[in-house]
Amino acid sequence: MTIVTLDPTTGFGSGEEFPLAVRPETLKGQVLGVVANGLGDSEAMFDAIASALTDSDGLAGVCKVVKHSVAVPPQPEQWAELLAKVTVAVTGFGGCGSCSTRSMRDALDLEAAGIPAVCIVHSALEPAVRAMARSSAHCSGCGGTATECF
């Protein structure tokens, strides 16, 4: 299975420049925000990603929030915790249309707050997520890889 990560800050769109969140040169010392939607085994997947990044790249910490539903934003207190603690973020897991586009919106909202973010969705939902990114007022499209996002 291929996992496609999308950088919600590149591509084409309205012509207005979207200011990129500043990407750190490495993940060493960064605090990873995880916005999990609770779909299936997404929490276990994100825990494994966070563990692997901590071991290989030296993350300083992880702040994981699990949303109350797949198609809604995090609760205000969850956003406040993320904005107060994290320096980079990952959102997802998208396995259906509404949860994939909501996960992309979560990444876009983090980007707008100055936090570099990537969104993980099933490759079958990539077109829906790309459309969401292109139509968002936050950005001008998407494309890229996780190594380009961080």
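Is Cys 119 buried or exposed? Select Cys 119 to begin: with a relative accessible area of 0%, Cys 119 is buried, where buried stands for under 20% relative accessible area, exposed for over 50% and partly exposed for what lies in between, taken with a 1.4 Å probe and protein chains only. Before moving on, note that this is a predicted model, in which local features need pLDDT of at least 70 and side-chain atom pairs count only at pLDDT 80 or more, while totals for chains, interfaces and linings use all residues. Residues are numbered from 1 along each chain as its sequence is written, and side-chain values use heavy atoms, with hydrogens and water left out.

**The whole chain**

Show the protein chain as a cartoon and follow it from the N terminus, where the elements run β-β-α-β-α-β-α-β-α-α, which comes to 5 helices and 5 strands; helices (H or I, at least four residues) and strands (E, at least two) are DSSP runs, numbered from the N terminus. Of the 150 residues, 45% count as buried. With the surface switched on, the accessible area comes to about 7,000 Å², and carbon and sulfur atoms account for 56% of this; such areas come from the Shrake-Rupley method with a 1.4 Å probe, and for residues only the protein chains shown count as cover. Among contacts between residues at least 6 apart in sequence, 78% join residues at least 24 apart, a contact being heavy atoms within 4.5 Å.

**The nonpolar cores**

Next select Leu 82, Val 86 and Leu 110, which have the most contacts inside the largest nonpolar core, a set of 16 residues. A nonpolar core is a set of buried Ala, Val, Leu, Ile, Met, Phe, Trp, Tyr and Cys residues joined through side-chain atoms within 4.5 Å. At least two residues of this core are supplied by each of β2, β3 (61–66), α2, α3 and β5 (117–122), and the largest share, 4 residues, comes from α3. Centre the view on Leu 110, which, leaving aside its neighbours within four places in sequence, is in contact with Val 35, Trp 79, Ala 89, Thr 91, Ile 115 and Ala 117. A second, separate core of 13 residues can then be coloured in another shade, starting from Val 34, Phe 46, Val 88 and Ile 120, which are among its members.

**Cysteines and Gln 78**

Add Cys 63, which is also buried, with a relative accessible area of 4%. A search of the whole structure finds 0 disulfides, a disulfide being a pair of cysteine sulfur atoms within 2.5 Å. From Cys 63, go to Gln 78, which is 15 residues away in sequence and 9.8 Å away in space, C-alpha to C-alpha. Gln 78 lies in helix α2 and, at 11% relative accessibility, counts as buried. Not counting residues up to four places away in sequence, Gln 78 touches Val 65, Val 66, Lys 67 and His 68.

**Lys 67 and its network**

Lys 67 is the next selection, found in the loop between β3 and α2 and buried at 5% relative accessibility. Its side chain makes a polar contact with the side chain of Asp 106 (2.7 Å); a polar contact is a pair of N or O atoms within 3.5 Å, where within protein one must be able to donate a hydrogen and the other to accept it, and residues adjacent in sequence count only if both atoms are side-chain atoms. Beyond four places in sequence, Lys 67 touches residues including Val 35, Pro 73, Gln 78 and Arg 102. Extend the selection to Arg 102, Arg 105, Asp 106 and Asp 109, which are linked with Lys 67 in a network of salt bridges, a salt bridge being a side-chain nitrogen of Lys or Arg within 4 Å of a carboxyl oxygen of Asp or Glu. Within this network, Arg 105 and Asp 109 form a salt bridge whose closest N and O atoms are 2.8 Å apart; both residues lie in helix α3, 4 residues apart, about one turn of the helix. Arg 105 counts as partly exposed, at 31% relative accessibility.

**Two further salt bridges**

The structure holds 8 salt bridges. Select Glu 111 and Arg 23, which form one of them with their closest N and O atoms 2.7 Å apart. This pair links distant parts of the chain, 88 residues apart, with Glu 111 in helix α3 (residues 97–112) and Arg 23 in the loop between β1 (3–6) and β2 (31–36). Glu 111 is buried, with a relative accessible area of 2%. Finish at Lys 85 and Glu 81, whose salt bridge has its closest N and O atoms 3.1 Å apart. Because Lys 85 and Glu 81 are 4 residues apart in helix α2 (residues 76–85), they are separated by about one helical turn. Lys 85 is partly exposed, with a relative accessible area of 48%, and Glu 81 is partly exposed as well, at 30%.
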